[in-house]
Every structure is written in C-alpha cells, then in structure tokens.
Amino acid sequence: MMKQKLSLYFVMGSVDCTKDPLAVLDEAIEGGITMFQFREKGKGALIGVEKYRLAEKLFERCLAHNIPFIVNDDVDLALTLQADGVHVGQEDEAAERVRDRIGDRYLGVSVHNLNEVKQALSARADYVGLGPIFPTVSKEDAKQACGLAMIKHIRAHEKHVPLVAIGGITHQTAKQVIEAGADGIAVISAICRAEQIREQTKQLYEMVMDAKQKGGS
Ligand SMILES: Cc1ncc(COP(=O)(O)OP(=O)(O)O)c(N)n1
Ligand SMILES: Cc1nc(C(=O)O)sc1CCOP(=O)(O)O
Ligand SMILES: [Mg+2]
C-alpha cells in the first residue's frame, strides 16, 4: 500500500510554482500523482495565516481525490489540519518524537545512506526519501548527489523498506531510478516546470508504473 502511494510523489510549495499552486495541483492530480507533500519553503515562502490557508486549500483537493497529503517539516501544521502525515529530514524535529506526536499518521524521513535508513526504521518511519539522486535546483542546501548506486546499495541491504527517490529526477531518468530499486519518485521541477503539467505528469506516471510492473520494484 505504502509502496503504491510512493509511485509518483509530488512535492510543492508556492515558491516552486510559476502559476496558481491550486491550478498546478489540480493538473498534477489529473495527471495521476499518487501522493502530495506541501513544502512551503525558500525565499518568498508564505508564513503564518497565509501558509495555513494555502495548505488548507491544497489539502481539500487531495482529500477529494484520495491522495495522501503530507506536510513538510511543520508538525504543528500537520496536526492542526489533521493531515495524512509529516515528512522530516535529518536536521528537523527528531523522527522518534514526531512519531510519538502524530500517532499512526504517515511518517516520512529523509535519508542519505544505509545507516540513516536503519535509524529511520527504528524510529518507526513509514517510508524513507533518499536524495539527492541527481543534482537539483529546487533545494538550496541539498547534499552532493548520491546517484543510482546508493539506491541499489540500500535495496540490497533493506529489501522491504518503502523508498522514494528524490532530487533532479526527470522524464529521462525516472525509469532508471525505479530499475535501481526505488518504489517511486518524488519530484518538484519535473511537474512544476512542465509546460503542460497534466500531460507531462501522465507521462511520468506511465513510465513509473511501467517500470514497476516490469520488476523494478
Ligand atoms: C520525499 C522527500 N524526501 C526528502 C525530502 C527532504 O527533506 P529535508 O532533508 O528535511 O529537506 P527539506 O525538504 O525540509 O528542505 C523531502 N522533503 N521529501
Ligand atoms: C525537496 C528535496 N529534497 C531533496 C533531498 O535530497 O533530500 S532534493 C529536493 C528537491 C527535489 O526537487 P527537484 O525534483 O526539482 O530536483
Ligand atoms: Mg525538512
């Protein structure tokens, strides 16, 4: 179930969009995204009540289409909205504490190596987000790209962990990422910067599902 939901995970905040974020999400949903993360971060990001109002509207869209709505970093916001889950990284609130606060909502944890995967699992994470696989323009403080080899390494040692790959993934590389052992791809720019969001999201979805069916994961 978790692995299916991770197939095409769209991560987005207002800063990533060149048009209305609600319209972007609507088109991405029509294109077939399977999970959504509200990541309101970076220069010009909304704060306070404006951030809350945008989150609320995006959440409504996800609810109507049965798409899990995950909040990045902000556990209080997730709890206030009664969102489906939270995603935290190594520098955020500790995963164990987040798990205690959110109960059985989804918990995603960012990882960069096998050791962090093991720690995330012992903190009762539902999935891990491994990245950046390739160089990314969407995260200012991204670490060095780890490449497809890190997906293969982790999969060789943790056969069952639900793993979504993130960072610089495009239509050109989605298939290889699944073949390397990821259960899905998480993307910002491949959707936000697409000229035709619905069509290009649909293509990504079909590529991922095709690669998964052929045994990638
Ligand atoms: C699915 C997914 N994977 C990794 C991240 C990165 O989280 P983090 O390292 O905490 O960085 P920020 O996104 O908070 O800048 C993610 N958001 N989603
Ligand atoms: C949010 C995020 N986290 C990353 C990590 O490495 O943990 S890379 C990243 C940005 C992903 O955006 P794009 O698809 O445009 O590269
Ligand atoms: Mg974070």
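**Metal site, pockets and ligand surroundings**

In this predicted model, the magnesium ion (ligand 3) is coordinated at 2.1 Å by Asp73 (OD) and Asp92 (OD). These two residues bring together distant parts of the chain, since they lie 19 residues apart, with Asp73 in the loop between strand S3 (69-72) and helix H4 (75-81) and Asp92 in the loop between strand S4 (85-88) and helix H5 (95-102). Asp73 has a relative accessible area of 22% and is partly exposed, and Asp92, with a relative accessible area of 30%, is also partly exposed.

Asp92 also belongs to the surroundings of ligand 1, which comprise 14 residues, the closest being Arg39, Lys41, Asp92, Ser110 and Lys139. Polar contacts to ligand 1 include one in which a polar side-chain atom of Lys41 lies 2.7 Å from an oxygen atom of the ligand, and another in which an N or O atom in the side chain of Asn72 is 3.2 Å from an oxygen atom of ligand 1. The side chain of His87, in turn, has an N or O atom 3.4 Å from a nitrogen atom of ligand 1.

Ligand 2 is surrounded by Arg39, Gly131, Pro132, Thr136, Ser138, Lys139, Ile166, Gly167, Gly168, Val187, Ile188 and Ser189. Backbone atoms contribute polar contacts here: an oxygen atom of ligand 2 is 2.8 Å from a polar backbone atom of Pro132, a backbone N or O atom of Gly168 lies 2.7 Å from an oxygen atom of ligand 2, and a polar backbone atom of Gly131 is 3.4 Å from an oxygen atom of ligand 2. The peptide bond from Gly131 to Pro132 is cis, with omega near -5 degrees, and Pro132 is found in the loop between S6 and helix H7 (147-157).

The largest pocket holds about 660 Å³ of space and is lined by 37 residues, of which Arg39, His87, Ser110, Lys139 and Ile166 lie nearest its centre. At least two lining residues are supplied by each of strand S1 (8-12), S4, strand S5 (106-111), strand S6 (127-130), strand S7 (163-166), strand S8 (184-187) and helix H9 (189-192), and S6, with three residues, gives the most. By class, the lining of this pocket consists of 15 nonpolar, 14 polar and eight charged residues. The second largest pocket has a volume of about 280 Å³, and of the 15 residues that line it, Val15, Asp16, Lys41, Ser138 and Lys139 are the closest to its centre. The lining of the second largest pocket is made up of four nonpolar, three polar and eight charged residues.

Some features of the backbone may be noted as well. Most residues other than glycine have a negative phi, and most peptide bonds are trans. Gln82, in the loop between H4 and S4, nevertheless has a positive phi, near 60 degrees, and at 55% relative accessibility this residue counts as exposed. Arg124, which is not a glycine either, has a positive phi of about 65 degrees; Arg124 is placed in the loop between helix H6 (114-122) and S6 and is partly exposed, with a relative accessible area of 42%. Glu96, in helix H5, counts as partly exposed at 42% relative accessibility, and its C-alpha atom is separated by 4.6 Å from that of Ala123, although the two residues are 27 residues apart along the chain.

Definitions and conventions
Residues are numbered from 1 along each chain as its sequence is written. Chains are lettered from A and ligands numbered from 1 in the order in which they are written. This is a predicted model: local features need pLDDT of at least 70, side-chain atom pairs count only at pLDDT 80 or more; totals for chains, interfaces and linings use all residues. Side-chain values use heavy atoms; hydrogens and water are left out. Donors are N, O and S atoms within 2.8 Å of the metal (3.2 Å for Na, K and Ca); water is not among the atoms, so sites may look incomplete. Helices (H or I, at least four residues) and strands (E, at least two) are DSSP runs, numbered from the N terminus. Buried means under 20% relative accessible area, exposed over 50%, partly exposed in between (1.4 Å probe, protein chains only). On a 1 Å grid over the protein atoms alone, a cavity is a set of points where a 1.4 Å probe fits but cannot get out, and a pocket is an open set with protein on both sides within 12 Å along at least five of seven lines; lining residues have an atom within 4 Å of a point. Grid points are joined across faces, edges and corners, and a volume is the space filled by probe spheres set on the points. Ala, Val, Leu, Ile, Met, Phe, Trp, Tyr, Cys and Pro count as nonpolar, Asp, Glu, Lys and Arg as charged, and the others, Gly among them, as polar. A residue is near a molecule or strand if one of its heavy atoms lies within 4 Å of it. A polar contact is a pair of N or O atoms within 3.5 Å; within protein, one must be able to donate a hydrogen and the other to accept it, and residues adjacent in sequence count only if both atoms are side-chain atoms.
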